[in-house]
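Let us take a walk through this protein together, from its sheet to its core. Please have the sequence and the structure open as you read.

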Amino acid sequence: MRIELDKLEEKGGKFAHVYQPEELVLDEEGVRLTEAPEVAGRAKRDGHQVRLRGRITAAAEVDCDRCLTSIRVPVETEFDVTYVPATDYEEAATAELQAEDLNLSVFDGETIDIDDLTREQVLLALPMHALCREECQGLCPVCSINRNTETCGCETTEVDPRWAGLKNLRF
Ligand SMILES: [Zn+2]
Ligand SMILES: [Zn+2]
C-alpha cells in the first residue's frame with residue numbers, strides 16, 4: 001500500500017490496511033509472521049513533509065537463542081514517523097537537535113510505501129534476543145539434541161550458558 005503526497009490534503013487523512021497472509025514478508029532470518037499485520041493511522045501533510053502516526057498489530061515467531069524453538073511474539077506497536085524528501089533531510093537532521101527522537105525517515109517526495117513502514121516497525125517491535133524460557137538448556141554442542149526434552153551422554157566441558165559471564169571473574 002502506498003500513500004501519494006499529491007492526493008493527500010493539507011489537513012491529512014486516515015489510512016488503514018489489513019494484510020493478507022503472505023502479502024508482507026519480513027525478509028529477516030529467524031523471524032516469521034504468523035498473523036498478517038493490520039496497520040491503521042493518520043497522515044498529516046506539512047508542506048513537503050508527511051507525518052504518519054498510528055498502530056500496527058501482528059504476531060510473529062522468533063527462534064529461541066539457545067534451542068532454536070519457535071517462540072510466538074504478539075506485536076502491538078505504535079509509530080510516529082515524519083517523512084522528509086531526501087533533499088530536505090540533511091537540513092532537517094542538522095536543524096533539529098533531536099532528529100533521532102523525531103523519527104525522521106526519507107522518501108522520494110511523492111509516495112510513501114506503507115509496506116516498508118509496517119515491515120520496519122514490526123521488526124523494531126520484536127525482541128533482539130529471545131529465550132523460550134529463562135532456564136532453557138539449549139542444544140547439546142556435540143549431538144545437537146534439545147536438552148530441554150532429551151538427555152544424552154555426551155561429554156561436554158561447556159560452561160552452563162547462564163554462568164558463562166561469570167567464568168572470567170576472580171573471587
Ligand atoms: Zn530455548
Ligand atoms: Zn549430546
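How many residues lie between β4 and β5 in the hairpin that they form, and which residue in the turn has a positive phi? There are six residues between the two strands, and L68 is the turn residue with a positive phi, about 70°. Please keep in mind that this is a predicted model.

**The overall plan**

The protein has two helices and seven strands. Along the sequence they follow the pattern β-β-β-β-β-α-β-β-α. Of the 171 residues, 14% are buried. Among contacts with a separation of 6 or more, 56% are made by residues 24 or more positions apart.

**The sheet**

Five of the strands form an open sheet with mixed pairing, in the order β2-β3-β4-β5-β6. The edges are taken by β2 and β6 (104-107); each has a single partner strand, so one side of each is left without a neighbour in the sheet. On average, neighbouring strands are turned by 25° against each other, direction ignored.

The table below goes through the sheet pair by pair.

| Strand pair | Direction | Bridges |
|---|---|---|
| β2 (residues 13-18) and β3 (residues 31-46) | antiparallel | six |
| β3 and β4 (residues 49-63) | antiparallel | 13 |
| β4 and β5 | antiparallel | 14 |
| β5 and β6 | parallel | four |

Some individual partners help to fix the register. A16 has A40 in β3 as its bridge partner. Between β3 and β4, E38 is partnered by T57, and R42 stands opposite R53. R53 also has a bridge partner in β5, namely D80. Following the sheet on to β6, you will find F107 as the bridge partner of P85.

β3 and β4 form a hairpin of their own, with two residues between the strands. In this hairpin, G47 takes a positive phi near 65°.

**The helix on the sheet**

Helix α2 (residues 114-125) packs on the sheet, where it touches β2, β3, β4 and β5. Its direction makes about 130° with that of β5. The helix has 12 residues and reaches 16 Å from its first C-alpha to its last, close to the 16 Å expected at 1.5 Å a residue.

Which residues of α2 are buried? They are I114, L117, T118, Q121 and V122. Seen down the helix axis, these buried residues fall within an arc of 125°, so they line one face of α2. An α-helix has 3.6 residues a turn, so residues three or four places apart point the same way. The cover over the buried residues of α2 includes β1 (2-4), β2, β3, β4, β5 (70-85) and β7 (111-113).

**I114 and the nonpolar core**

I114 is found in α2 and has 22 other C-beta atoms within 10 Å. Because the cut-off for a buried residue is 20 or more, I114 counts as buried. Leaving aside residues up to four places away in sequence, I114 touches M1, R2, I3, F15, H17 and V39. H17 is 97 residues away from I114 along the chain, yet their C-alpha atoms are separated by 8.9 Å.

I114 also belongs to the largest nonpolar core, which has 17 residues. The residues with the most contacts inside this core are V50, L52, A58, Y83, I112 and I114. Two or more residues each come from β3, β4, β5 and α2. β4 gives the most, with five residues.

A58 is another of the core residues with the most contacts. Not counting residues up to four places away in sequence, A58 touches L33, E35, A36, P37, V75 and V122. V122 is one of the buried residues of α2.

**A contrast beyond the helix**

Is T156 buried or exposed? With 10 C-beta neighbours inside 10 Å, T156 counts as exposed. This residue is found in the segment after α2. T156 touches C140, P141 and V142, again not counting residues up to four places away in sequence. The C-alpha atoms of T156 and V142 are 7.5 Å apart, and the two residues are 14 residues apart in sequence.

Note on methods:
Residues numbered from 1 in each chain as written. Chains lettered and ligands numbered in written order. Predicted model: local features only at pLDDT ≥ 70, side-chain atom pairs only at ≥ 80, totals over all residues. Pairing = 2+ DSSP bridges. Expected span 1.5 Å × (residues − 1). Buried ≥ 20, exposed ≤ 12 C-beta atoms within 10 Å, placed from the backbone. Arc of directions from axis to C-beta. Contact = placed C-beta atoms within 7 Å. Core = buried A, V, L, I, M, F, W, Y, C linked by C-beta atoms within 7 Å. Axes fitted to C-alpha atoms, helices over the stretch in contact; angles between N-to-C directions.
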